[in-house]
Amino acid sequence: METIIKRVKKGQLDKDSIEMAGAILKKGGLVAFPTETVYGLGADALNEKAAEKIYAAKGRPSDNPLIVHITNLGALEKITKNVPEETKKIADAYWPGPLTMIFEKSEAVPYGTTGGLDTVAVRMPSDEVARALIDVGGGYIAAPSANTSGRPSPTMAEHVEEDLTGRIDMILDGGPVSIGLESTILDMTVTPPMILRPGAITKEMLEACIGEVTVDKAVIKPNQRPKAPGMKYRHYAPKADLSIVEGEMSKVISKINELAAEQVKAGHKVGIIGTKESVANYICGDVKSIGTREDESTIAVHLFAILREFDADQVDYIYSESFDTEGIGSAIMNRLLKAAGHHVITV
Ligand code: TXA
Ligand code: MG
C-alpha cells in the first residue's frame, strides 16, 4: 500500500489534505495524525472493520482497547452510558487536552474498538489538526499511538514513517508534538476515579477538581497486573539494555561514568541520558541531553525521540539519570521505568 504523506501547518490548515484524510477515514482507512501528546493512528471508531485494521498495522494484541477521540462534550452521549456527575467538572477543566476518561460503553461502540470490554476510553484532544480531522472523519476516531506495537510512541511524523510506511493510507505531518507523553487515563467507572496511566494531567490537578482520586498500583510497581490492558505489555522498549541510575547527582554521574567506561572497554556501544545541567560531566559514550531539570516538560517531550535515536545508533547499553516524580515527572518515570524493564541502580 502506498502511504500518502501531507504536511499541514498549524494556523493555516490545508483544507484539501484534511478533507482527503477525512474521506479515507470514512471509507474505513487508516490515517496517522498529530495530537498534543503523541501521534495517533486513526480509524472510524464505530466501524468495527476499520478499527480492526489498526491492530494489524501496528501488530497490536487484539485485547488492547483503543481510545475514541471526539471534539465536543455532546459527542459523549452516543458512545457512553451512566456517565458520572463529576465528568462535567473534569471536562470543563481539562478537555480539550491530554486526558482520557473511561466510561461504560453504549451499543454504538463495537467490541472491535474496545478490545472486547464493556467500557470505552474517550479523549478530546486540543491539537488543531487532530480536531479538524476528527470532525471531517465522522466525529468518533479510534486512535492508539501511531507506533509499531512495543516501540516508543511517535512524537514526530518521521517516527510514524519509520514504523508504518506502507501499512497505512496516510500520514498528516503537523510537526513535532508539544507534550511528548501519552494522555493521563482516568477510569470513571469506579469510585473514587482511578488513574490507570499517568500523564500531563496529574493526580493533584484532578483532585483539585473533584476530590479523591486513586492511582492503579501497577503504575508505580512492577509485577502488578495493570487495569489498562495496554499497560501490561513491555512498551517503549529501546533495543538496548537500559538502566536508570538514581541517587545524589554527583554519585549518579560517577556511577554512570564508571559503568559506561567498563562497557566501552569491553567493546560495546554506550548511550547516556543526561540533562542540560549534567551532560558536560560525562566522559565517554554517546551523551544526549534530554532537557533541563528546571522545566520537566522539556524532558517529557524528548524522552521517546531519544530512545528512538539510540535505536538508530544501535547502542548496546543506555544509562539514564533518574527524575523527580512531581507533576509530569510521574509520567516521565512511569515510561522510563517501563523502558528499562524496571532496572534501577541506586547509588
Ligand atoms: O495520548 C494518547 O492517549 C494517545 C493519543 C494518540 O491520543 N493515544 C494512546 O493510545 O496512547 P494507546 O492505544 O497507545 O494507549 C491506550 C491505552 C492502552 O494502555 C489501553 O489498554 C488503555 O488505554 N485503554 C483503552 N481503553 C481502555 C478501557 N476501556 N479500559 C482500560 N484501559 C483502556
Ligand atoms: Mg501506545
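## A helix crossing and a pocket

Start with two helices: H1 passes H6 in a right-handed crossing. Keep in mind as you look around that this is a predicted model.

**Stop one: the two helices.** Select residues 15–26 for helix H1 and residues 128–136 for helix H6. Turn the view until you can follow both axes: they come within 8 Å and cross at roughly 50°. Angles of 65 to 115 degrees would count as roughly perpendicular and those under 35 as roughly parallel, so H1 and H6 are oblique to each other.

**Stop two: where they touch.** Now show side chains. On the H1 side, pick Ile18, Ala21, Gly22, Leu25 and Lys26. Their partners in H6 are Val129, Ala132, Leu133 and Val136. Colour this contact by class and you get seven nonpolar residues, one polar and one charged.

**Stop three: the largest pocket.** Leave the helices and bring up a surface. The largest pocket has a volume of about 670 Å³. Which residues are closest to its centre? Select Arg60, Asn64, Pro65, Ile67 and Ile185; they hold that place among the 46 residues of the lining.

**Stop four: strands in the lining.** Switch to cartoon and highlight S4 (67–69), S7 (119–123), S10 (184–187) and S11 (194–197), since each of these strands is worth a look: every one supplies at least two lining residues of the largest pocket. Linger on S7, which gives the largest share, four residues.

**Last stop: the lining by class.** Colour the whole lining of the largest pocket and you'll find 20 nonpolar, 16 polar and 10 charged residues.

Methods: Residues numbered from 1 in each chain as written. Chains lettered and ligands numbered in written order. Predicted model: local features only at pLDDT ≥ 70, side-chain atom pairs only at ≥ 80, totals over all residues. Heavy atoms only, no water. Axes fitted to C-alpha atoms, helices over the stretch in contact; angles between N-to-C directions. Parallel < 35°, antiparallel > 145°, perpendicular 65-115°, else oblique. Left-handed = near helix turned anticlockwise from the far one by under 90°. Contact = heavy atoms within 4.5 Å. Nonpolar A, V, L, I, M, F, W, Y, C, P; charged D, E, K, R; others polar. 1 Å grid on protein atoms, 1.4 Å probe; cavity = no way out; pocket = protein on both sides within 12 Å on 5 of 7 lines; lining within 4 Å. Points joined across faces, edges and corners; volume = space filled by probe spheres on them.
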